[in-house]
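Colleague: Got a minute? I'd like to go through this structure with you.
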Amino acid sequence: MGKIILTGDRPTGKLHIGHYVGSLKQRVALQNSGEFDKIYIMIADAQALTDNYDNLDKIRNNLINVALDYLSAGLDPAKSTIFVQSQISELTELTFYYMNLVTVSRLQRNPTVKNEIKLRNFETSLPVGFFTYPVSQTADITAFKATTVPVGEDQLPMIEQAREIVRSFNGYYGETLVEPEALLPKSGAARRLPGTDGKAKMSKSLGNCIYLSDEPDEVKKKIMSMYTDPNHIRVEDPGSLEGNTVFTYLDAFCTDKHFEEYLPEYANLDELKAHYQRGGLGDVKVKKFLNNVLQEELEPIRNRRKEFEKDIDGVYEILYNGSVAAREVAAKTLSEVKEHMRINYFDDLELRNKKN
Ligand code: TRP
């Protein structure tokens, strides 16, 4: 059995550099590593609808935004199957059978769900669909027999839940499904990129995101007004790195090569940090360096995006073809699931020819 990747994103907005460094960049590297036999990248529109059932336009419009973000970041439909969750009805069927294998109290204890419910102030208006989305996410993963699920740290409880459902299914009905493993980004800074205002998370509603599709001057403006150390007022003052967003971003993005190119008076980030902490290094200089680093990273992405934007119909065609291919695989798994659950009545000749 091969190594198979499945992962995805909810199409609730354009992707930002937090998504990029926390997951998209790694996916592209995994795609190009040649180590995986199959790679499935899913736009999780059905999951997004579990808390956007009253906002259909948002999901419908962002489907293409996320697809463009994927393609411009370097996901290649020749190497990765990019598809749309809602078009694979087999996933819904699998979800229904897996629901029997999870208790309400187990879902209530899932830290990701707990946190997301709190964030949305659902209280007594929690949709059942939202509450049970970890089960549907298990269907997404297992339908493709994924061995590896590259995700952000916040998704770890989801993968744990999926593993439990797989063990339970295989225990009751015989070895059928594959237990997936999560794959986190290597660098700690990349796992949790804060917003430009220093708040823990980039979020559209907080207006603290740098988007993959931002133009160069927007990126620069956002960087120049970024949160640093509020006590670092004069250049001579010693600065602190703790919670200093500019340095967190540098941790996530910069390499020694960037120093050679844009800031040769330092050999690496450690030297720059030491100078900042000593005092005598102004924020503007560090921000300008970060701007150079980020512009270099974002430019090829922006250029590819402009190309794909010229042929939106072609992008939908990529999603359509990906969905057709994905559906075939999911249908095969579903039929194995039904066979193991012995609800394959009409294919079972022994059953049909049995004398009562
Ligand atoms: N829950 C994921 C997110 O919010 C999206 C997602 C849906 C997903 N199904 C998945 C991720 C399966 C990994 C595997 O980003």
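Modeller: Sure. One term to begin with: a pocket is an open set of grid points with protein on both sides within 12 Å along at least five of seven lines, and its lining residues have an atom within 4 Å of a point. Keep in mind that this is a predicted model.

Colleague: How are empty spaces found at all?
Modeller: Rolling a probe the size of a water molecule over the atoms shows where empty space is left.

Colleague: OK. What volume does the largest pocket have?
Modeller: About 1600 Å³.

Colleague: And how many residues line the largest pocket?
Modeller: The lining has 49 residues. Nearest the centre are Arg10, His19, Glu116, Asp154 and Lys201.

Colleague: Which helices and strands supply at least two residues each to that lining?
Modeller: Two strands do, β1 (4-9) and β4 (148-150). The helices are α1 (17-33), α6 (111-119), α8 (133-143) and α10 (188-191).

Colleague: How do the lining residues of the largest pocket divide into nonpolar, polar and charged?
Modeller: There are 19 polar residues, with 15 nonpolar and 15 charged.

Colleague: What about the second largest pocket, how much space lies in it?
Modeller: About 330 Å³. It is lined by 16 residues, and Val21, Lys25, Lys186, Ser187 and Ala190 are the closest to its centre.

Colleague: Which element gives the largest share of that second lining?
Modeller: Helix α1, with five residues. Both α1 and α12 (245-253) supply at least two.

Colleague: And how does the lining of the second largest pocket divide?
Modeller: Ten residues are nonpolar, three are polar and three are charged.

Colleague: New topic. How many aromatic pairs are there?
Modeller: The count is eleven. Ring pairs also link Tyr98, Phe169, Tyr172 and Tyr173 into a cluster.

Colleague: Which ring does Lys3 lie over?
Modeller: Lys3 lies over the face of Phe36, 4.7 Å from the ring centre. Lys14 lies over the face of Tyr211, at 4.6 Å from the ring centre.

Colleague: Now cysteines. How many disulfides does the count give?
Modeller: Zero.

Colleague: Is Cys209 buried or exposed?
Modeller: Buried means under 20% relative accessible area. Cys209 has 3%, so Cys209 is buried.

Colleague: And Cys254, buried or exposed?
Modeller: Cys254 has a relative accessible area of 15%, so Cys254 is buried as well.

Notes. Residues numbered from 1 in each chain as written. Predicted model: local features only at pLDDT ≥ 70, side-chain atom pairs only at ≥ 80, totals over all residues. Heavy atoms only, no water. 1 Å grid on protein atoms, 1.4 Å probe; cavity = no way out; pocket = protein on both sides within 12 Å on 5 of 7 lines; lining within 4 Å. Points joined across faces, edges and corners; volume = space filled by probe spheres on them. Helix = DSSP H or I, 4+ residues; strand = E, 2+ residues; numbered from the N terminus. Nonpolar A, V, L, I, M, F, W, Y, C, P; charged D, E, K, R; others polar. Phe/Tyr/Trp six-rings, centres within 6.5 Å; stacked < 30°, edge-to-face > 60°. Lys NZ or Arg CZ within 6 Å of the ring centre and 35° of its normal. Disulfide = S-S within 2.5 Å. Buried < 20%, exposed > 50% of the residue type's maximum accessible area, 1.4 Å probe, protein only.
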